[in-house]
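Here is a report on one protein chain. It starts from a single side chain and works outward.

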Amino acid sequence: MAEPSIVFSDVNERQGTFNRRVFMMGGVVAFGLFALTGRLVHLQILQGQKYAKLSAGNQYNFRVIPPPRGEILDRNGKLIAGNRPSFRVMIEVNEVKDIDDTLDQIAYVLPQTAGSRRRILRDINQNQRSVPTIVAADLSWDDFSKVSLYANDIPGVVADMDEVRAYYYGGAFSHVVGYVSKINDKDMKTELAQPDADPNLLHHPSFRIGKQGIEKAYDRQLRGKAGGKKVEVDARGQVVQEDPEGSIPPTPGENIVLTLDADLQQRAVEVFGEESGAAVLMDCQTGDVLCMSSSPGFDPNLFVSGISTDEYRLLADYDHLPLLDKAIGSTFAPGSTFKTMVALAALENGYDPATVHVCNRHWTFGGHTFSCDQAHGALDLHQAIVTSCDIYFYQCALSMGGPDKVAAMAHKFGLGEIFDIGISGQRKGLVPTEAWKKEYFAKRNPADTRWWPGETPSFGIGQGYTNVNPLQNCVMVSRLANGRKAIQPRLVKSIGGAEQKPGDDVPDLAADPAHINFVRSAMADVTAAGTRGTASGLGDLGLGPIHMAGKTGTAQAYSYKGGRGAHGAVGDWKLRDHAWFVAFAPADAPKYACAVVVQHGGFGGTAAAPKAREIMRLALIKDPEIRQRITVPYSTDIDRAGMAAASKAATSDPDGVAPPDAAPATPVDDGGDTSL
């Protein structure tokens, strides 16, 4: 009989080993489940909020919505600058894996030139990856429809409708309103340095910044505040849906209402045609600027999406300078329009208006012979203004001993001043004084710092160092016409509905009203029919009892010596005289005043006065109070009669209409320095 064994059989041994392994594996699994549960608790409970935000970031995108730019309107509510719809296609670069492949897919629907392809790639490289890049803009409805049909199948491609700036009067407001364009590196640095800068908006492809005029000066007010659109996207970056609750609507920019009248601006463009110059018209009672036009202009719409190099060169190289705002940014010798200030300064300093000087066409002073275009004979101050006699004003200016007294009066009436009209670009010009010459020439020519008596005659007829811009000349005649107040020009009527400071909230003029009336009376005779005035007959506007008073001016551009300068409207255009005319109407109760300059136009009476007449006439016709005074009904016959007077002035006398018994043998000059 065998002895009992205490050792397991082979089968039992294998079973025990299996049980031990199961126990060990179970423990490992249990530990793993415990660890996983702990991690899940940590992620979902302790850090659940953090990862919920990360998840939302992967699920939703925020896209900047540029604000609608504020509108710019004229005084009557006519839209000058606004926003129009534009269809476009963009690429969200951060949602695209292969740019070239994506562009190839778009090209099947919307063909691309090699140049446009290079432009797109350049913009992609320059932009931040979070900023969409425009592939094509201003698409037709047909092209936009094609792209929209396939856009959802191309990752990162967005086809939508945008708003772009639109200028509805073309070149009529191009200088004063200005334009917007893409932001450049310099402007970007300036804007990003501002405490309230919005980088997302500044980098957005739709963003445009004001570059000139009102658009630049009031860019912040017009810009508004950007909004954001919250959209849900899938793994491919395609928009699934929009989340309205998470979106923030943009705040539109403020509207700006100007004092300008769109009809007068357009009329100024019409009367100038292809000529170069500027026209400014003001309400001489309130200071509102109703017209401020510079010709020729340019189409500001060209700059909104980016003007081509060739187009820009055509504008920049044209000798009539369409990019320059001649109303405030160019200065010209005022010519004989300055004689109003010389006369007023003389009267204020005790000059007897009955003083007579004899004009025999030539006059010698200090060994130098000065000239006039006519032999006017014996004249007093009133007649000298009417006929614009240079020889009289040579001596009138000398009677005051130098330039200082005249300069002081000219500054009181706005010449040589900068006005707060809201926009930049004004050139101050110059009305010289003895102190100015001493300081100016101290470094340039120390041997010639004294004001010489021989410089005063040319100064007395608005030549020499003197130069003014058209706005200044308009302010000057506005203050003369007002007679009481030192009227300030106002260009912006309201911003966001808030009325701006009026131009008549000003101190009184520091001049004797009787002396102002004397000058105004002479200006009325300059344009009256049947006088020796340099714009005789042009004061009749064909509006019944409403007449216009004014003063012509012909300003030398270059010296006539050596045959370089061209007197009047002859010779090479660049060498001709500049033509001026300043005016106010009605002559008996002034409401409006204007200044017109025609660059290299020749004589003021023939080149500038007829233009001023047409602009002034429209301003008067549009005024309800003035219309009540017009006793003769408006008709085309009246209009033709007025134009006939202008035509007669242009043909019978180069600088005004003289009566038959006083017809000059040579053209009437009203301001060129004709010294020999």
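## F393 and the cores

F393 touches K339, V342, A343, L381, A384, I385, G460 and I461, leaving out residues up to four places away in sequence. The model is predicted. F393 belongs to the largest nonpolar core, which has 96 residues. Together with M292, M341 and F413, F393 is among the members that touch the most other members of that core.

A second core of 33 residues is separate. Its members include C291, L541, I615 and I626.

## The chain overall

The protein has 676 residues, and 49% of them count as buried. Its secondary structure comes to 23 helices and 23 strands. Among contacts with a separation of 6 or more, 74% are between residues 24 or more positions apart.

## A five-stranded sheet

Five strands form an open sheet in the order β12-β11-β23-β22-β21. The pairing is antiparallel. β12 (289–295) and β21 (549–555) are the edge strands, each paired on one side only. On average, neighbouring strands are turned by 5° against each other, direction ignored.

Two helices pack on this sheet. Helix α19 (residues 470–482) touches β11, β12, β22 (578–585) and β23, and its direction makes about 150° with that of β23. Helix α21 (residues 604–622) touches β11, β21, β22 and β23. The direction of α21 makes about 30° with that of β22.

## Strand β11 and its partners

How many residues of β11 are buried? Seven of its seven are, so the strand is mostly covered by the cut-off of under 20% relative accessible area. In a regular strand the side chains alternate between the two faces of the sheet. In β11, G277, A279, L281 and D283 lie on one side, and A278, V280 and M282 on the other. Both faces are covered.

β11 (residues 277–283) pairs with β23 (residues 592–598) over seven bridges, in the antiparallel sense. A278 has V597 as its bridge partner, and L281 stands opposite C594. β11 also pairs with β12, antiparallel, over six bridges. These two strands make a hairpin with five residues between them. G287 in that hairpin takes a positive phi near 90°.

## Two buried polar residues

S295 sits in strand β12 and is the bridge partner of G277. Is S295 buried or exposed? S295 is buried, because its relative accessible area is 4% and the cut-off is under 20%. Beyond its neighbours within four places in sequence, S295 is in contact with F272, E275, S276, G277 and K326. The C-alpha atoms of S295 and A327 are separated by 9.0 Å, although the two residues are 32 apart along the chain.

N473 lies in helix α19. N473 has a relative accessible area of 0%, so it counts as buried. Leaving out residues up to four places away in sequence, N473 touches T337, L415, V468, W580, V582 and A595. W580 and V582 fall within β22 (578–585), and A595 falls within β23 (residues 592–598).

## A helix pair

Helix α13 (residues 339–348) packs against helix α20 (residues 513–527) at an angle of about 145°. Their axes are 9 Å apart. The crossing is right-handed.

Which residues meet here? From α13 come T340, A343, L344, L347 and E348; from α20 come H515, I516, F518, V519 and M523. The contact divides into seven nonpolar, two polar and one charged residue. A343 also touches F393.

## Strands around β3

Strand β3 (residues 79–91) pairs with three strands named here, in each case antiparallel. Two bridges join β3 to β2 (residues 72–73), with I72 opposite A81. β2 and β3 form a hairpin with five residues between them. G77 in the turn has a positive phi of about 85°.

The pairing of β3 with β5 (residues 157–167) has 11 bridges. P85 and E163 are bridge partners there. β3 and β4 (residues 133–139) pair over four bridges, and I91 has T133 as its partner in β4.

Key: Residues numbered from 1 in each chain as written. Predicted model: local features only at pLDDT ≥ 70, side-chain atom pairs only at ≥ 80, totals over all residues. Heavy atoms only, no water. Pairing = 2+ DSSP bridges. Axes fitted to C-alpha atoms, helices over the stretch in contact; angles between N-to-C directions. Contact = heavy atoms within 4.5 Å. Core = buried A, V, L, I, M, F, W, Y, C linked by side-chain atoms within 4.5 Å. Buried < 20%, exposed > 50% of the residue type's maximum accessible area, 1.4 Å probe, protein only. Left-handed = near helix turned anticlockwise from the far one by under 90°. Nonpolar A, V, L, I, M, F, W, Y, C, P; charged D, E, K, R; others polar.
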